[in-house]
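User: I'd like to go through a structure with you, beginning with how its sheets are put together and then turning to the side chains. Could you take me through it step by step?

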Amino acid sequence: EKASTDWAVLCSTGGVSSILVFHGGRGGGPEEFAKWDDKNYIQDATYSREIHSVDRKFIMTHYRAYGGPEPPPIDHLGVDDMFLGKASTTYYFSQGKWMQLSGSD
């Protein structure tokens, strides 16, 4: 399979935010997941949700530190969904679906 560049963005509309992933190698619209009310991410009157791409080292370090579901073989980047200063969940696409892996506590 030919490598492609995918894009992940954090989008908010109507008071609800979610992660959208646009797959560079495939047609069609984006995939949407991690949909939550924006009010869940307010602290000190500031919206405090961010996403970052994470590599194999990050995923395995967090798995060893926090446990959770065992990651599949890691051969591409994942998405870390953070509530700044609080916790995070890492998402990884494997076998046609998004898995939730251990993030930071």
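Analyst: One definition comes ahead of the rest: two strands pair if DSSP finds at least two bridges between them. Please also keep in mind that this is a predicted model.

User: OK, what order do the strands take in the open sheet of three strands?

Analyst: The order is E1-E2-E3, and the pairing is antiparallel. Strand E1 (7-13) and strand E3 (31-37) are at the edges with a single partner strand each, so one side of each has no neighbour in the sheet. From one strand to the next, the twist averages 20 degrees.

User: How many bridges join E2 to E3?

Analyst: Strand E2, residues 16-22, is joined to E3 by five bridges, and within this antiparallel arrangement Val-16 stands opposite Asp-37 in E3.

User: And the sheet of four strands, what's its order?

Analyst: That open sheet runs E6-E7-E8-E9, with antiparallel pairing. Its edges are strand E6 (49-54) and strand E9 (97-102), each of which has a single partner strand, so one side of each is left without a neighbour in the sheet. Neighbouring strands here are turned against each other by 30 degrees on average, with direction ignored. Six bridges join E8, residues 87-94, to E9, and Thr-90 has Leu-101 in E9 as its bridge partner.

User: Which helix lies across those strands?

Analyst: Helix H1, residues 56-66, lies across E6, E7, E8 and E9, and it runs at about 55 degrees to E9.

User: Switching to side chains, how many aromatic pairs are there?

Analyst: The count comes to five aromatic pairs. One of them is Tyr-41 with Phe-83, an edge-to-face pair at 5.2 Å centre to centre with 70 degrees between the planes. Tyr-41 lies in the loop between E3 and strand E4 (42-43) while Phe-83 is in strand E7, so this pair ties together parts that are 42 residues apart in sequence.

User: Are Tyr-41 and Phe-83 buried or exposed?

Analyst: Tyr-41 and Phe-83 are both buried. Elsewhere, ring pairs link Phe-33, Tyr-91, Phe-93 and Trp-98 into a cluster.

User: Which charged end sits over the ring of Phe-83?

Analyst: That is the charged end of Lys-86, which lies 5.9 Å from the ring centre. Lys-86 belongs to the loop between E7 and E8 and is partly exposed, with a relative accessible area of 47%.

User: What separates the C-alpha atoms of Lys-86 and Asp-38?

Analyst: Those C-alpha atoms are separated by 15 Å, for residues that are 48 residues apart along the chain.

Definitions and conventions
Residues numbered from 1 in each chain as written. Predicted model: local features only at pLDDT ≥ 70, side-chain atom pairs only at ≥ 80, totals over all residues. Heavy atoms only, no water. Helix = DSSP H or I, 4+ residues; strand = E, 2+ residues; numbered from the N terminus. Axes fitted to C-alpha atoms, helices over the stretch in contact; angles between N-to-C directions. Contact = heavy atoms within 4.5 Å. Buried < 20%, exposed > 50% of the residue type's maximum accessible area, 1.4 Å probe, protein only. Phe/Tyr/Trp six-rings, centres within 6.5 Å; stacked < 30°, edge-to-face > 60°. Lys NZ or Arg CZ within 6 Å of the ring centre and 35° of its normal.
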